Amino acid sequence: SSGINAEYGDGREFVRNFSGQTDYVLMNLPASATQFLDVFSGLYSKREAKLKPPTVFCYHFADIDNPEALSTEAVSEELGCNVEPEEVHLVRKTAPKTWMTCVRFVVPESVLYSENQCKKQRLS
């Protein structure tokens with residue numbers, strides 16, 4: 001076995017249910033992936049303190065002027081904290097003034113163990 005499991009379906013439900021069983025999360029819809037990042041807020045409880053935080057690959061569309069910084073800012077804004085990405089990869093130009101980027105980062109523990117679960121989680 002390769003150790004790779006492909007999943008499909010509702011992204012929020014998947015992230016809520018993986019409970020530390022997944023090391024990597026690929027969010028490959030650049031137009032909307034950052035909108036799903038808030039699902040990580042309050043995902044782990046204190047009793048799950050030994051779980052390894054997942055590494056996320058989040059695709060994003062950014063303006064051609066400083067796309068790495070703009071993509072990092074979009075991720076940080078959705079998570080509610082400053083994220084230090086492991087890498088921001090310029091995937092390709094998708095329009096004359098737009099880059100597709102991929103921000104790779106480990107979800108901060110301050111987000112995973114937050115007492116304040118995001119509004120979108122509470123609504124569902």
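The largest pocket holds about 770 Å³ of space in this predicted model. A total of 25 residues line the largest pocket, and among these Glu7, Phe14, Tyr24, Val25 and Leu26 lie nearest its centre. Two elements, helix 1 (11-17) and strand 1, each give two or more residues to the lining. By character, the lining residues of the largest pocket comprise 14 nonpolar, 8 polar and 3 charged ones.

Strand 1 is a good place to continue the tour. Spanning residues 24-27, strand 1 pairs with strand 2 (residues 55-63) in the parallel sense, and the two are held in register over 4 bridges. Within this pairing, leucine 26 of the pocket lining has phenylalanine 57 in strand 2 as its bridge partner.

Strand 2 also pairs with strand 4 (residues 98-106); here the strands run antiparallel and 9 bridges join them. Histidine 60, for its part, finds its bridge partner in strand 4, namely threonine 101. Strand 2 thus takes part in a parallel pairing with strand 1 and an antiparallel one with strand 4.

Turning to the helices, helix 2 covers residues 67-79 and includes serine 76. Is serine 76 buried or exposed? Its relative accessibility is 10%, and because buried means under 20%, serine 76 counts as buried. Leaving aside residues up to four places away in sequence, serine 76 touches Cys81, Asn82 and Val83.

Key:
Residues are numbered from 1 along each chain as its sequence is written. This is a predicted model: local features need pLDDT of at least 70, side-chain atom pairs count only at pLDDT 80 or more; totals for chains, interfaces and linings use all residues. Side-chain values use heavy atoms; hydrogens and water are left out. Buried means under 20% relative accessible area, exposed over 50%, partly exposed in between (1.4 Å probe, protein chains only). Contact means heavy atoms within 4.5 Å. Two strands pair if DSSP finds at least two bridges between them. On a 1 Å grid over the protein atoms alone, a cavity is a set of points where a 1.4 Å probe fits but cannot get out, and a pocket is an open set with protein on both sides within 12 Å along at least five of seven lines; lining residues have an atom within 4 Å of a point. Grid points are joined across faces, edges and corners, and a volume is the space filled by probe spheres set on the points. Ala, Val, Leu, Ile, Met, Phe, Trp, Tyr, Cys and Pro count as nonpolar, Asp, Glu, Lys and Arg as charged, and the others, Gly among them, as polar.
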